[in-house]
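Open the model in your viewer and keep the selection panel at hand. We will begin with the whole chain and then pick out charged side chains one pair at a time.

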Amino acid sequence: MNKISASAAACFAAILAAAPLLAAPLTDEQRAAIEEGVAAYEPRMMDVAQQIWQNPELGYLETETAALLISELEGHGFLTEAGVGDMPTAFVARRGSGDGPVIAILAEMDALPGFSQAAVPHEEAVAGLSSGHACGHHLFGAGSVAAAIALADYAEAQGLAGEVRLYGTPAEEGGSGKAYLARSGALDDVDAVLHWHPGGSNSASQGASLSNVSAKFRYRGQAAHAALAPDQGRSALDALEATTFMINLMREHVPQEARIHYVISNGGAAPNVVPDFAELYLYVRHQDPAVVADIYARIQRAAEGAAMGTETEVEFERISGVYSVLPNDTLGRLMDQNLRAATPIEWDADETAFARELQATLRKQPDISEAFEIEDYDFGGVGYYSSDVGDVSWIAPTVGLSTATFVPGTPQHSWQAVAAGGMSIGHKGTAYAARALAATGAELLQTPELIDQAKAEFLNAWGEGFEYEALVGDRMPPLDYRVE
């Protein structure tokens, strides 16, 4: 797999920075029409977000959530197709003509286990719920639907050629749902992809993430009484520990930006029994997908050696795999312009009081004003996280943004994120994102030359000879990965 070098990327970014965007910004009347479209759907958007928040569903189990989002889109003239990419809760909704560009908007929807929390500024579980939207995907899904509806309405009113699509993408949290969509070819004819994510601040900066492969290694040996007949046993746990020992030695001999983390998800049941089964669950990360693939292959060979040395057997199941995000500066600067031009977030006195009380529970407590400000635009950084948006970004030019749906200082995957996401602070940040997404989509439909500019950058970043090959391999989507 080829990837543009760091020096070439920096040079190309400098060229792009000096080149003006090809589009004239939306007129005040056009922007007002788009924002009116978002505002018209906003009360329903809040209801949809709240319904999903009150019924959090884990990855690949988002049956009611997907059905709700599909119903909303069909009610606004979209044609929908469910079960895309061999995933029952994945769907595509289409509206518009096939004569112009295809603008896709992504909608995530899965919750996280273990985050039951009420919409109050102190820790308080909700009876009967064991999961929660600690990453704000209920807002992500509802806000993307709002943007898609507003954009499609605007395009139709303006007589713009092109198609607006919304992709319902399940199981972002460790299930690599978008990677299976990308592998299926469902995005192959898309011209540009827009997405967003809930957060504690507002930004349209674009940067790379880390590619990631996760897998479970399962070792099988021979059980025996650990005191009476240890010679008759062959320990699966020994094989696992030999593997982890070699992994830790390997850390000196991999690129320093690489990350390897693991847990022993099954190490046996009792100390007086030689374990006949053990399981290792691990992640490998690096910005370059080729480096991830190489390190993972080396770890597999280490595990095979450990099994040989302990007279056990090992089998591998690749659980997920995602590419690093391929940032696009052309689309990033366009999104930044529209984020700054959109009607900003405002909180009332009750929301401000809620935020201050909740912020007292946080380790980091930046100024509340971060929820209303926009960070300076930046291009080319690397975030030490992984997202299945990465696979999409190697199929078509992709751009994202983040808006303040949480109290500033709130970490993702926390009860504080669930709390703010279940009330008006989360809803207002969601509407802000929808306004910026819809306006960006409108500019792309009105000025296809912008898409050409984004594609030129995209293909340059690909490098010669690049061919997308999913890191999830040829396995079927792990529809039961959240089922215990």
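Of the 484 residues in the chain, 55% are buried. Keep in mind as you look around that this is a predicted model. Zoom out until the whole C-alpha trace fits the window: along its principal axes it spans about 85 × 55 × 40 Å. A compact globule with 484 residues would have a radius of gyration near 23 Å, and the chain agrees with that at 24 Å. Switch to cartoon view and you can step through 13 helices and 14 strands.

Now for the charged side chains. Side chains of opposite charge can pair when their charged atoms come close. The structure holds 18 salt bridges, and a few of them make good stops.

Select Glu 311 and Arg 234 to begin. Their closest N and O atoms are 3.3 Å apart in a salt bridge. Glu 311 sits in the loop between α7 (289-310) and β12 (313-322), while Arg 234 is in the loop between β9 (211-220) and α6 (236-250), so the pair ties together parts that are 77 residues apart in sequence. With 57% relative accessibility, Glu 311 counts as exposed; Arg 234, at 29%, counts as partly exposed.

Next, select Glu 317 and Arg 475. This salt bridge brings its closest N and O atoms to 2.9 Å. Here too distant parts of the chain are linked: Glu 317 belongs to strand β12 and Arg 475 to the segment after α13 (448-462), 158 residues apart. Glu 317 has a relative accessible area of 24%, which means that it is partly exposed.

For a pair within one helix, go to α8 (residues 329-341), where Arg 340 and Asp 336 lie 4 residues apart, about one turn of the helix. They form a salt bridge with the closest N and O atoms 2.9 Å apart. Is each partner buried or exposed, or partly exposed? Asp 336 is buried, with a relative accessible area of 10%, whereas Arg 340 counts as partly exposed at 39%.

Then select Glu 81, Arg 94, Glu 163, Arg 165 and Asp 189 together: salt bridges that share partners join these residues into one network.

For the last stop, turn to the surface and select Asp 367, Glu 370, Glu 373, Glu 375, Asp 376 and Asp 378, which form a negative patch. Center on Glu 373, in the loop between α9 (349-359) and β13 (379-382). At 44% relative accessibility, Glu 373 counts as partly exposed.

Notes: Residues are numbered from 1 along each chain as its sequence is written. This is a predicted model: local features need pLDDT of at least 70, side-chain atom pairs count only at pLDDT 80 or more; totals for chains, interfaces and linings use all residues. Side-chain values use heavy atoms; hydrogens and water are left out. Patches are made of residues with over 30% relative accessible area and no salt bridge: like charges are joined within 9 Å, nonpolar side chains (Val, Leu, Ile, Met, Phe, Trp, Tyr) within 5 Å. Accessible areas come from the Shrake-Rupley method with a 1.4 Å probe; for residues, only the protein chains shown count as cover. A salt bridge is a side-chain nitrogen of Lys or Arg within 4 Å of a carboxyl oxygen of Asp or Glu. Lys and Arg count as positive and Asp and Glu as negative; His and the chain ends are not counted. The place of a charge is taken as NZ of Lys, CZ of Arg, CG of Asp or CD of Glu. Helices (H or I, at least four residues) and strands (E, at least two) are DSSP runs, numbered from the N terminus. Buried means under 20% relative accessible area, exposed over 50%, partly exposed in between (1.4 Å probe, protein chains only). The radius of gyration is taken over C-alpha atoms; the globule rule is 2.2 Å times the number of residues to the power 0.38.
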